[in-house]
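Good morning, colleagues. Please look at the sequence and the model on the screen, and I shall take you through some of its local features.

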Amino acid sequence: MDDGVGVAPYGGEEPPVSIDTVIVGGGACGMIAALAASEAGDSVLVLERDPVPRGSTSLSAGLIPAAGTKPQRAKGIEDTPELFAADIQRKAHGEADDAIVDLVTTESGPLVDWLVERHDVPLTLVDDFDYPGHSRRRMHGMPRRSGAELLDHLRGAVEGTVTLLLCDRRVEVLHVDTDGRVRMVTAALPDGSREAVGCGRLILACNGFGGNRAMVRELMPEIADAVWFGHDGNQGEAIRWGRALGAELRHLGAYQGHGSVAKPHGILISWAVIGEGGIQVNFDANRFWNEAQGYSEAARQVLAQPGGIAWDIFDDRIAGIARQFEDFRQAEAAGAIVAANSIEALATACQLPPASLAATAAGVAGMKAGAVADPLGRDFTGAPPLVAPFRAVRVTGALFHTQGGLAIDRDARVRRAEGGVFANLYAAGGAACGVSGSGDAGYLSGNGLLTATTLGRVAGRSRRWLES
């Protein structure tokens, strides 16, 4: 792809300005890295490609999973990094890097408390339902459970420091000396001009490559036809720079999918509608998989159904839980949520066969009552029966963001494929390899923002670039 993105030898030229820490990307990862670097005493510059910082964070529910936080303790929830790490590795089938899993889980609790207490980010614990795969309630989110709301608060915190945030700057070229140290970056402006900035170190917080359809087809063809629900700025620059530099790359086929995006409205429907006892059916009104496995692998399951469509079936009790999420309220306002006082009426409204949906609902009621085991393997123990009034929403599968990327050490410095690390090149968030293993089934709820936030802080406060 000839779009100017690459690596060039550093010729010793003096750039117009030099900054201690240059950060590529103004999402949650970049903002938190900027806060941490500023606190460490660095001069900091964030270069954001868009007119306004948004990125993948703004499209998410903005939930950060964290263990051992003060909000958890206030609710009487005993949680530890070790329990959290075990949950991550169980979901990832042991494929995630143990050292990085230990790092992010250990850092997660202090990160949330730091954001709340030092930077006035109003994170609270989601304490009214369980996320699949988590053995404790450890999701922390904003009052409206909105990623855009989280990013707005982080940006406000950054603007209260001496950090310089420049938008409409797409970093294209890294200028590297013979030792592999990044000395300067060149960014393109909307008018076609270029700006060069010298850097003491560079933090890549520019997310993954889900918006680059050619890379998706190359590295994860099974999801290439899914709706792209991430930010179009996810063009894979970090991977391409890493390849050119000889960096170690890991799990490039890993990604987070989601099997519950309202169609045609394009609005995320919280997986709480399923996790709290709802089900998914196809156009024949039949269940087709064990929905308890998780929303990431649900994307492929839903896309495999006729038309790539399914229906989430739930009730008014579950809708009440889901309404804490801004996305769900938007879906209701847009008319995406269908309501009816009987299963048969719901089926008719959704153009599903009424007798089939009634039979499916009756079968699930029996499973919830313990009368019969689910032939698809879902454990309905403790799930209340669905009762009128009922709800449904038409959904499809989507690709949210990639999980593979640059391999890093415990300081978030990028590893060389031949061994060792780059002295002053850091990666975090979607630019770095995450903790979800090699595919889609290893994604534990919140893994994306977990690594974006914790690794952003680790990278920002690291002093290792000054030692080498």
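I begin with Tyr131, which is buried, with a relative accessible area of 12%; buried here means under 20% relative accessible area, exposed means over 50%, and partly exposed lies in between, with a 1.4 Å probe and protein chains only. Before going further, I should say that this is a predicted model, in which local features need pLDDT of at least 70 and side-chain atom pairs count only at pLDDT 80 or more, whereas totals for chains, interfaces and linings use all residues. Residues are numbered from 1 along each chain as its sequence is written, and side-chain values use heavy atoms, with hydrogens and water left out.

Let me stay with the aromatic residues. Rings of Phe, Tyr and Trp (for Trp, its six-membered ring) are paired if their centres lie within 6.5 Å; planes under 30 degrees apart count as stacked, over 60 as edge-to-face, and the rest as tilted. By this rule there are 6 aromatic pairs. In one of them, Tyr131 meets Phe129 in a tilted arrangement, 4.9 Å centre to centre, with 40° between the planes. Phe129 is also buried, at a relative accessible area of 2%. Ring pairs link these two residues, Phe129 and Tyr131, with Phe325 into a cluster.

Another tilted pair is formed by Tyr295 and Tyr443, with 6.1 Å between the centres and 55° between the planes. Which parts of the chain does this pair tie together? Tyr295 lies in helix 9 (residues 295–303) and Tyr443 in the loop between strand 21 (421–427) and helix 14 (447–461), so the pair ties together parts that are 148 residues apart in sequence. For these elements, helices (H or I, at least four residues) and strands (E, at least two) are DSSP runs, numbered from the N terminus. Tyr295 is buried, with a relative accessible area of 11%, and Tyr443 is buried too, at 6%.

Two arginines also engage aromatic rings. The criterion is that NZ of Lys or CZ of Arg is within 6 Å of the ring centre and within 35 degrees of the ring normal. Arg416 lies over the face of Phe422, at 4.3 Å from the ring centre. The charged end of Arg457 sits over the ring of Trp114, 4.3 Å from its centre.

I turn next to helix 4. Helix 4 covers residues 98–119, 22 residues in total, and spans 30 Å from its first C-alpha to its last, close to the 32 Å expected at 1.5 Å a residue; the expected span is 1.5 Å times one less than the number of residues. At its N-terminal end, Asp97 acts as a cap, with a side-chain oxygen 2.9 Å from the backbone nitrogen of Ala99. Within helix 4 there is a kink of about 35° at Ser108, shortly before the proline Pro110; the bend at a residue is the angle between axes fitted to the seven residues ending there and the seven starting there. After helix 4 comes Asp120, with a positive phi near 55°.

That brings me to the backbone. Most residues other than glycine have a negative phi, and most peptide bonds are trans. His251, in the loop between strand 12 (249–250) and strand 13, has a positive phi near 50°. His251 is partly exposed, with a relative accessible area of 27%. Gln351 has a positive phi near 60° and lies in the loop between helix 12 (343–350) and helix 13. Is Gln351 buried or exposed? Gln351 is exposed, with a relative accessible area of 71%.

There are cis peptide bonds to note as well. One joins Lys263 and Pro264, with omega about 10°, and Pro264 is in the loop between strand 13 (255–262) and strand 14 (267–268). Another runs from Ala388 to Pro389, with omega near 0°; Pro389 is in the loop between helix 13 (354–368) and strand 18.

Strand 18 (residues 390–402) holds Arg391, which is buried at a relative accessible area of 12%. The side chains of Arg391 and Asp316 are joined by a polar contact of 2.8 Å. A polar contact is a pair of N or O atoms within 3.5 Å; within protein, one must be able to donate a hydrogen and the other to accept it, and residues adjacent in sequence count only if both atoms are side-chain atoms.

Finally, the cysteines. How many disulfides are there? The count is 0, a disulfide being a pair of cysteine sulfur atoms within 2.5 Å. The sulfur of Cys29 is 9.0 Å from the closest cysteine sulfur, in Cys206, too far for a bond. Cys29 is buried, with a relative accessible area of 6%, and Cys350 is buried at 4%.
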